[in-house]
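Reader: I would like a close look at a single part of this model. Please keep it brisk and give the cut-offs.

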Amino acid sequence: MKCSRCGCNAAKTTTSSVTDLGDVLIIIRNVPCYKCEDCDEIIYTGDVIANIEKIINAAKMLHQEISVIDYRKNAA
């Protein structure tokens, strides 16, 4: 995969996604992604984005200030 920012190669890896909703902080660990070998841009595929959105919506229902979630255990 090529980086949309600089055009260099992006390698498959995992990362952590942090979403701050003001009253809730959601950290999702082990999220599959592509990371640019040159500029470190993180690229998610469409299915990963859809799963992140599902995880975030479920975490909002927990009414916790901070949620740390493992993507691999919660992706549909």
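Author: What follows is a walk through one strand pair, with the whole chain as background.

This is a predicted model, in which local features need pLDDT of at least 70, side-chain atom pairs count only at pLDDT 80 or more, and totals for chains, interfaces and linings use all residues. Residues are numbered from 1 along each chain as its sequence is written, and side-chain values use heavy atoms, with hydrogens and water left out.

Start with the chain. The protein chain has 2 helices and 4 strands. Here helices (H or I, at least four residues) and strands (E, at least two) are DSSP runs, numbered from the N terminus. Their order along the sequence is β-β-β-α-β-α. The C-alpha trace spans about 40 × 25 × 15 Å along its principal axes. Of the 76 residues, 30% are buried. Buried means under 20% relative accessible area, exposed over 50%, and partly exposed in between, with a 1.4 Å probe and protein chains only.

Now the pair itself. Strand β1 covers residues 10-20 and pairs with β2 in the antiparallel sense, over 10 bridges. Two strands pair if DSSP finds at least two bridges between them. One bridge joins threonine 15 to valine 31 in β2. The hairpin of β1 and β2 has 4 residues between the strands, and glycine 22 there takes a positive phi near 90°.

Next, asparagine 30. This residue sits in strand β2, residues 25-36. Asparagine 30 counts as buried because its relative accessibility is 17%. Its side chain makes a polar contact with the side chain of aspartate 70, at 3.2 Å. A polar contact is a pair of N or O atoms within 3.5 Å; within protein, one must be able to donate a hydrogen and the other to accept it, and residues adjacent in sequence count only if both atoms are side-chain atoms. Leaving out residues up to four places away in sequence, asparagine 30 touches Thr14, Thr15, Asp70, Tyr71 and Arg72. Contact means heavy atoms within 4.5 Å.

Alanine 11 is in strand β1. At 30% relative accessibility, alanine 11 counts as partly exposed. The C-alpha atoms of alanine 11 and lysine 35 are 5.3 Å apart, although 24 residues separate them along the chain. Neighbours within four places in sequence aside, alanine 11 is in contact with Cys33, Tyr34, Lys35 and Glu37.

Back to the chain for one last value. Among contacts with a separation of 6 or more, 52% join residues 24 or more positions apart.
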